[in-house]
Amino acid sequence: MQERHSNRELYFNEQIRTTEKYYIPYIRKYMERMPEEVLEIGCGEGGNLFPFAQSGCKVTGVDIVTSRIEQARSFFSERNQEGTFIASDIFKLKELQNKFSLILIHDVIEHIYDKTQFLSNIKDYLSPAGLIYIGFPAWQMPFGGHQQIARGRLISHCPFIHLLPASLYKSILQLFGEKEDVVKELLNIKRTKCTIEMFRRIAQQTGYRIINQELYFINPHYETKFGLKPRKLNKIIARIPYFRNIFSTSCFYILKPSDHNSE
């Protein structure tokens, strides 16, 4: 397990830097101005939201993990920044519907089993002309199974191991001493995996227009984590279905419901 997965303040600060340098500039290309209200689903400690709050946006973060929400409140409070954080299933919060001009869903969709229902329901939380930003790692890329969360050094640094048959993958995880909760989480990610083709198909089936797609060979977040300069995927490879999944360490999308008014 990497330090950032146990040191959540370190991870919070890393998210801030990546959002400031990459996520906000990417999103701003498709918005005339900074959004008034921003919702992040699966916000964790709130690092992605912090730069939006600093820019004057009213931010709301929702996560089902109570400890993450408590950390988000603490980190924002320590830095004298305002934000609303709620420990809940987003779809139980009807009072938030039709409210947000921007919804962030970063490194979340690959954890969702029923992606069709999830994307269908998110529309209810967008204001007219609102946009959705979604980012995720392609499933077949070297660490698309999130095995970096494993506690064992060997497993956490082993690329492509998540592509093994589930029974063999489970046996290897157990053999190398991974705890049951980690094994369960990694197998669950294998079950809920997200490929580029799967995401595009579901987005279109649920009534979204894909405003933009950017595929990265070197994830922008790797600059903060590893000192690597981000690099977009070669344009030719990016057009080859299925094959592109192997090389896409991060996939950025801007979505807009087809039935929403244009800006």
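In this predicted model, the buried residues of helix α4 pack against β1, β4, β5, α8 and β6. The residues concerned are K115, F118, L119 and I122, each of them buried in α4, and they lie on the same side of the helix because they cover an arc of only 90 degrees around its axis. As a general rule, an α-helix has 3.6 residues a turn, so residues three or four places apart point the same way.

From α4 the path leads into the largest nonpolar core, which has 33 residues and in which I103, I105, L119, I122, I132, I134 and F199 touch the most other members. At least two residues of this core come from each of β1 (37-41), β4 (100-106), α4 (115-122), β5 (126-136), α8 (196-205), β6 (208-218) and β8 (250-257). I132 illustrates how these parts meet, for, neighbours within four places in sequence aside, I132 is in contact with I103, I105, I122, L126, Y208, Y253, I254 and L255. Another core, of 28 residues, lies apart from the largest one and includes F12, C43, F50 and Y133.

The loop between α7 (180-191) and α8 holds T192, which counts as buried because its relative accessible area is 1%, below the 20% limit. Not counting residues up to four places away in sequence, T192 touches I109, E110, H111, I112, Y113 and K115, the last of which is one of the buried residues of α4.

On the surface, F160, L163, I236, I240, F243 and I246 form a nonpolar patch with about 510 Å² of accessible area together. Within this patch, I240 belongs to the loop between α10 (235-238) and α11 (243-247), and I240 is partly exposed, at 37% relative accessibility.

Charged side chains add a further set of links, with ten salt bridges in the structure. One of them joins K21 and E223, with 3.0 Å from N to O; since K21 lies in helix α1 (residues 8-28) and E223 in helix α9 (residues 221-226), the pair ties together parts that are 202 residues apart in sequence. Both partners are partly exposed, K21 with a relative accessible area of 48% and E223 at 25%. A salt bridge also connects E214 with K232, their closest N and O atoms being 3.2 Å apart, and this pair links E214 in strand β6 to K232 in strand β7 (residues 231-232), 18 residues apart. Here E214 is buried, at 8% relative accessibility, whereas K232 is partly exposed, at 47%. Finally, E9, E78 and R79 are joined into one network by salt bridges that share partners.

Terms used:
Residues numbered from 1 in each chain as written. Predicted model: local features only at pLDDT ≥ 70, side-chain atom pairs only at ≥ 80, totals over all residues. Heavy atoms only, no water. Core = buried A, V, L, I, M, F, W, Y, C linked by side-chain atoms within 4.5 Å. Buried < 20%, exposed > 50% of the residue type's maximum accessible area, 1.4 Å probe, protein only. Helix = DSSP H or I, 4+ residues; strand = E, 2+ residues; numbered from the N terminus. Contact = heavy atoms within 4.5 Å. Arc of directions from axis to C-beta. Patch = residues over 30% accessible without salt bridge, like charges linked within 9 Å, V, L, I, M, F, W, Y side chains within 5 Å. Areas by Shrake-Rupley, 256 points an atom, 1.4 Å probe, with all protein chains shown as cover. Salt bridge = Lys/Arg side-chain N within 4 Å of Asp/Glu carboxyl O.
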